[in-house]
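Please look over the sequence and the model below before reading on. The paragraphs that follow go through them step by step.

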Amino acid sequence: MRQSPFVVNVAALGLGPGLRRHVNRRGSLDGAAVTASAIPSGAEAEVDLMLEGVPGGVVARGEVMAPWEGDCRRCLAAVSGELHCQVTEVFERSPDPDQTYPLAGDQLDLEPLARDAVLLELPLAPLCGEGCLGLCPTCGADLNEGACGCQAEVSDPRWAALDALRHD
Ligand SMILES: [Zn+2]
Ligand SMILES: [Zn+2]
């Protein structure tokens, strides 16, 4: 089995209590998705962290970056962007499953940290733009490309004519 690019050997890094080491790893996070957006399959995520040795574990601080893609919640057009997730996490020899990640021997696997970080940041309701007009609920036309004619005219020319008469 190929070694995951996200696995770090802290002994090889020379990391001990009170010491710091910078790590930068890239790899895919296939399958990281929420309902409306996902990390594209095969795309590279980047994990850039400062690791600090503490008694019984390691503190990791830094950033997880990854491209994302999804569908506009109003018009369903394809939208994409880049996630920048700030993280501060603890790896411990005796981890608390809800709070910290495991340090197994000298092996630190940064993939669960990266996955958890992007899952928190992936947009739940992406928009192609703040002003997206969405789809017509009646005919399904993309209203960003122009009015479809389903909605009543905002100002009816007959009323406009009456208004003109009244003001005369
Ligand atoms: Zn849209
Ligand atoms: Zn319509």
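Which residues does Leu 108 touch, leaving out those up to four places away in sequence? They are Phe 6, Val 7, Val 8, Val 10, Leu 51, Val 58, Phe 91 and Leu 103. The model in which these contacts are found is a predicted one.

Leu 108 belongs to the largest nonpolar core, which has 36 residues. Leu 108 is among the members that touch the most other members, together with Leu 49, Leu 51, Val 64, Phe 91, Leu 110 and Val 118. At least two residues of this core come from each of β4, β5 (57-71), β6 (78-92), β7 (101-104) and α2 (111-121). In soluble globular proteins, nonpolar side chains tend to be buried together.

The overall layout comes next. The protein has three helices and eight strands, and along the sequence they follow the pattern β-α-β-β-β-β-β-β-β-α-α. Of its 168 residues, 33% are buried. Among contacts with a separation of 6 or more, 56% join residues that are 24 or more positions apart. The accessible surface is about 10300 Å², and carbon and sulfur atoms account for 52% of that surface.

Val 23 gives one example of residues far apart in sequence. This residue is part of strand β2 (residues 20-28). Val 23 counts as buried because its relative accessible area is 3%, which is under the 20% limit. Although Val 23 and Leu 49 are 26 residues apart in sequence, their C-alpha atoms are 5.4 Å apart in space. Beyond its neighbours within four places in sequence, Val 23 is in contact with Leu 49 and also with Val 8, Leu 13, Val 47, Asp 48, Leu 51 and Leu 110.

Gln 107 gives another example. It lies in strand β8 (residues 107-109), and its C-alpha atom is 6.4 Å from that of Val 10, a residue 97 places away along the chain. With a relative accessible area of 34%, Gln 107 is partly exposed. Its contacts, neighbours within four places aside, are Gln 3, Val 7, Val 8, Asn 9 and Pro 102. Val 7 and Val 8 also appear among the contacts of Leu 108.

Strand β4 (residues 44-54) holds Glu 52, and Glu 46 has its place in strand β4 too. The side chain of Glu 46 makes a polar contact of 2.8 Å with the side chain of Asn 24. Glu 46 is buried, since its relative accessible area is 18% and the limit is 20%. Leaving out residues up to four places away in sequence, Glu 46 touches Asn 24, Arg 25, Arg 26, Glu 63, Val 64 and Met 65. For Glu 52, the side-chain partner in a polar contact is Arg 61, at 3.4 Å. Glu 52 touches Arg 61 along with Leu 15, Leu 19, Arg 20, Gly 57, Val 58 and Val 59, residues up to four places away in sequence not counted.

Two zinc ions remain to be described. The zinc ion (ligand 1) has as protein donors the SG atoms of Cys 72, Cys 75, Cys 128 and Cys 132, which lie 2.3 Å from it. The spacing of these donors along the chain is C-x2-C-x52-C-x3-C. Angles of 104 to 113° among the four donor atoms make this site tetrahedral. Both Cys 72 and Cys 75 are buried.

The zinc ion (ligand 2) is coordinated at 2.2 to 2.4 Å by the SG atoms of Cys 136, Cys 139, Cys 148 and Cys 150. Here the spacing along the chain is C-x2-C-x8-C-x1-C. Why is the arrangement around the zinc ion (ligand 2) tetrahedral? The reason is that its four donor atoms subtend angles of 103 to 113°, and the term requires all angles to lie between 85 and 135 degrees. Cys 136 is buried at 5% relative accessible area, whereas Cys 139 is partly exposed at 44%.

One last residue concerns the backbone. Leu 76 is in the loop between β5 and β6. Most residues other than glycine have a negative phi. Leu 76 is not a glycine, yet its phi is positive, at about 70°. Its relative accessibility is 54%, so Leu 76 counts as exposed.

Key
Residues are numbered from 1 along each chain as its sequence is written. Chains are lettered from A and ligands numbered from 1 in the order in which they are written. This is a predicted model: local features need pLDDT of at least 70, side-chain atom pairs count only at pLDDT 80 or more; totals for chains, interfaces and linings use all residues. Side-chain values use heavy atoms; hydrogens and water are left out. Helices (H or I, at least four residues) and strands (E, at least two) are DSSP runs, numbered from the N terminus. A polar contact is a pair of N or O atoms within 3.5 Å; within protein, one must be able to donate a hydrogen and the other to accept it, and residues adjacent in sequence count only if both atoms are side-chain atoms. Contact means heavy atoms within 4.5 Å. Donors are N, O and S atoms within 2.8 Å of the metal (3.2 Å for Na, K and Ca); water is not among the atoms, so sites may look incomplete. Four donors count as tetrahedral if all angles lie between 85 and 135 degrees; four count as square planar and six as octahedral if opposite donors are over 155 degrees apart and all others between 65 and 115; anything else is irregular. Buried means under 20% relative accessible area, exposed over 50%, partly exposed in between (1.4 Å probe, protein chains only). A nonpolar core is a set of buried Ala, Val, Leu, Ile, Met, Phe, Trp, Tyr and Cys residues joined through side-chain atoms within 4.5 Å. Accessible areas come from the Shrake-Rupley method with a 1.4 Å probe; for residues, only the protein chains shown count as cover.
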